[in-house]
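Biologist: I'd like to go through this model with you and ask why things are called what they are called. Could you show it to me?

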Amino acid sequence: MADVVQYNMERMLPELDDLERRALFSRHEIAEIVKQRRKFEYRLKRPSTLKQDFIAYIGYEKSLDSLRLLRKKALMKKTGDRKLKKSVSDYAGVSRIIQIYRLATSRFKGDIELWFHYLEFCRERRNGRMKKALAQAIRFHPKVPGVWIYAAAWEFDNNLNAAAARALMHSGLRACPTSENLWVEYLRMELTYLNKLKARKVVLGEDEGTLACSVKNAKEKQWIDENKELFMTLDDKREDDKVSNLPDGGSKEKLDLFREQGLSVLQTVYSGSIKALPSSFSLRTQFLEILEATDLGHSEDMRNEILADMKRDFSKEPKYWDWLARQEVIDLNNPETTEAVTADQLSRAIQVYEEGLKFLPSASMLDCYAKFMMDVIHFTNQGSQSSEHFSAASHAVDPISHLLVVYEKAETMGCITEDVACQHVSFLLQLGKVDEAKTLVEKFCSGKFSEAVQLWALRFKIEMRFIQKNCTPNKAALSSIFEPLRDVLLKVPISEAETIWLMALKYFSTHKQFFDKLVETSMTLLAKYGGSDDGFSLSSTNINFVLQRDGLGRARELYKRFLALPHPGLSLYRSCIELELNLASSGDKISLGNARKLFETALTTYDQDVGLWQDYYNMEVKMGTSETAAAVHWRARKILRKSISLLPSQ
């Protein structure tokens, strides 16, 4: 290994001599470069080389080459020599980085991210290794669509070789026929090629226009439609002249040649992609977007064909109707859009959703319907518009009123979900209809959604608001909400009812009678299901509330009761240990003994937990003696035979 490293270092001598001779680096800096490179070379020759070793070496060489370029520019500016002759040091840095990338990709052939870094570096530096690197990447990753797309884009954009790019795309589609991105990018490439040919004709004066549609907003289109007389004379005359100058029967065919070819390409790619991906909805929508952004012959017929195919294949899926309805309005997700949703647009979108409900009367369909109306209301409010905008015409629809109708329709059809029910209640609260929200949430919680955590959390918030607003909290008023709430907590698993538990403990912590009942309820549940170490720990939460409310003595009594239950979780032990250590750090010797007992008790069940042993050892180092720390360390190393390296060394 040392011989190979020494050989590699000796090969760097001409480059280093050139750097010193041209005064780009001092002798001391070159010595430091040699030191760093030797260190990296030894790392790469280890039996178990890490990917990070290659990445670090490449990063160092890139930084070094960037510094060399900066100093070279400064030297050229200082000497006034604008064309400094290139020498070995100008090429050695890039060659070394390429070599390191080659070694890295040979060692980690399956790392596609590393391959893309390699390809991108070759592309940026316009290195001749690019073609071989692409061939190797394709050979090792033929099932990765991004590699084919990258290779085709390089041939098309850098080498201006459309035939090679097309061949790569065809090979990629044979290897990855189910890749949406490959089909879409292949279509974009073919249309771009046609557009370039058309642009060449335009430059030569043999054609006009491009295949790209001009993007105009709604106001521009409306103004043009209203002022057509300003354009008709000039445009019609020019068009008539062109048509008259062409041979009879061939005028429009010649002018529309590229538009017809583009449509033919789109039809061919579309039919092939549908056969390969018959169930891909997003593929159809992307084809429609490309069609709308391109000026092709008979594009309206093609659009109708795609829409008909989508209705045939996806009319039983809510996403189709949701997409179709949103096409009727402007982009609701575009924050830069300043135009308001018109009444006609909203009416057409609603008609689409109503038609969708006839085909697919389901909860998911109604959920899409409600979310769309919420987006319309939010978008209208963002544009500083009110619902009055929609009442300008007699047939207009108020989105707020219609959203309430949609929620009621979901309930009437029996398709309402917990999420939609929560949206309904929350929307009523936003409108300030607190009484209606209270009645509705009570109805939901007493019926179909008697164990729905989100709805119970909403109901608890509303009830507490009513109690605090209408009267001082008394036993009868609190009991009216506490008893049904406790019944729900007994039915719902602890892990799912985290929100309700936190709200209830926080609110009833100032009411001893109800708080004690909550603690007993948690005891019952933990005795039945045991503690949990994943996420929410009910026992730890109870102890924290009791500590803040009643002090240390009561908290100790409570955690002892929790630890006596079957299967206490590790998180409970950690909470109790943390409580005792906080007191021990202030000089309480009893707390240190309690912490040791807790550690020992926890280790009887969780003796394979490395973190627990580490915490125990760290506690003895800080607060115990060297003997107790050594004893814990010895026991841990004896039990954790396979995880010895994770323990701190003495």
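Modeller: Gladly. A residue is called buried when its relative accessible area is under 20%. By that cut-off, buried residues make up 42% of the 650 residues in the protein chain. Please keep in mind that this is a predicted model.

Biologist: Thanks! What makes up the protein chain, in helices and strands?

Modeller: The chain has 32 helices and zero strands. Its accessible surface comes to about 35800 Å², and 53% of that belongs to carbon and sulfur atoms.

Biologist: How do you know what share of the contacts joins residues 24 or more positions apart?

Modeller: A contact means heavy atoms within 4.5 Å. Taking the contacts with a separation of 6 or more, residues 24 or more positions apart account for 62% of them.

Biologist: Let's turn to charged pairs. Why is the pair Glu15 and Arg96 called a salt bridge?

Modeller: The rule asks for a side-chain nitrogen of Lys or Arg within 4 Å of a carboxyl oxygen of Asp or Glu. The closest N and O atoms of Glu15 and Arg96 are 2.6 Å apart, so the pair meets the 4 Å cut-off. Glu15 lies in helix 2 (residues 13-21) and Arg96 in helix 5 (residues 88-107), so the salt bridge ties together parts that are 81 residues apart in sequence.

Biologist: And are those two residues buried or exposed?

Modeller: Glu15 has a relative accessible area of 7%, so it is buried. Arg96, at 13% relative accessibility, counts as buried too. Both values fall under the 20% cut-off.

Biologist: What makes Arg188 and Glu185 a salt bridge?

Modeller: Their side chains meet at 3.8 Å, N to O, which is within the 4 Å that the rule allows. Arg188 and Glu185 both lie in helix 10 (residues 180-203), three residues apart, about one turn of the helix.

Biologist: Why are Arg188 and Glu185 called partly exposed?

Modeller: Partly exposed covers the range between the 20% and 50% cut-offs. Arg188 has 37% relative accessibility, so it counts as partly exposed. Glu185, with a relative accessible area of 31%, is partly exposed as well.

Biologist: How do you know that Asp313 and Arg284 form a salt bridge?

Modeller: The closest N and O atoms of Asp313 and Arg284 are 3.0 Å apart, which is within 4 Å. Asp313 lies in helix 16 (residues 299-314) and Arg284 in helix 15 (residues 281-292), so the pair ties together parts that are 29 residues apart in sequence. Asp313 is partly exposed, with a relative accessible area of 31%, whereas Arg284 is buried at 0%.

Biologist: How many salt bridges does the rule give?

Modeller: The count comes to 45. Some residues are linked in a network: Asp18, Arg21, Arg22, Asp65, Arg68, Lys72, Asp90 and Arg125.

Biologist: Now the cavities. What did the search of the whole structure find?

Modeller: Three cavities of 30 Å³ or more. The largest cavity has a volume of about 60 Å³. Among the residues that line the largest cavity are Glu15, Phe25, Arg37, Asp65 and Arg68.

Biologist: Which helix gives the most to the lining of the largest cavity?

Modeller: Helix 4 does, with four residues. Helix 2, helix 4 (51-79) and helix 5 each supply at least two residues of that lining.

Biologist: And how does the lining of the largest cavity divide by class?

Modeller: The lining has three nonpolar, two polar and five charged residues. Asp, Glu, Lys and Arg count as charged, and Glu15 and Arg37 are among the lining residues.

Technical notes
Residues numbered from 1 in each chain as written. Predicted model: local features only at pLDDT ≥ 70, side-chain atom pairs only at ≥ 80, totals over all residues. Heavy atoms only, no water. Buried < 20%, exposed > 50% of the residue type's maximum accessible area, 1.4 Å probe, protein only. 1 Å grid on protein atoms, 1.4 Å probe; cavity = no way out; pocket = protein on both sides within 12 Å on 5 of 7 lines; lining within 4 Å. Points joined across faces, edges and corners; volume = space filled by probe spheres on them. Areas by Shrake-Rupley, 256 points an atom, 1.4 Å probe, with all protein chains shown as cover.
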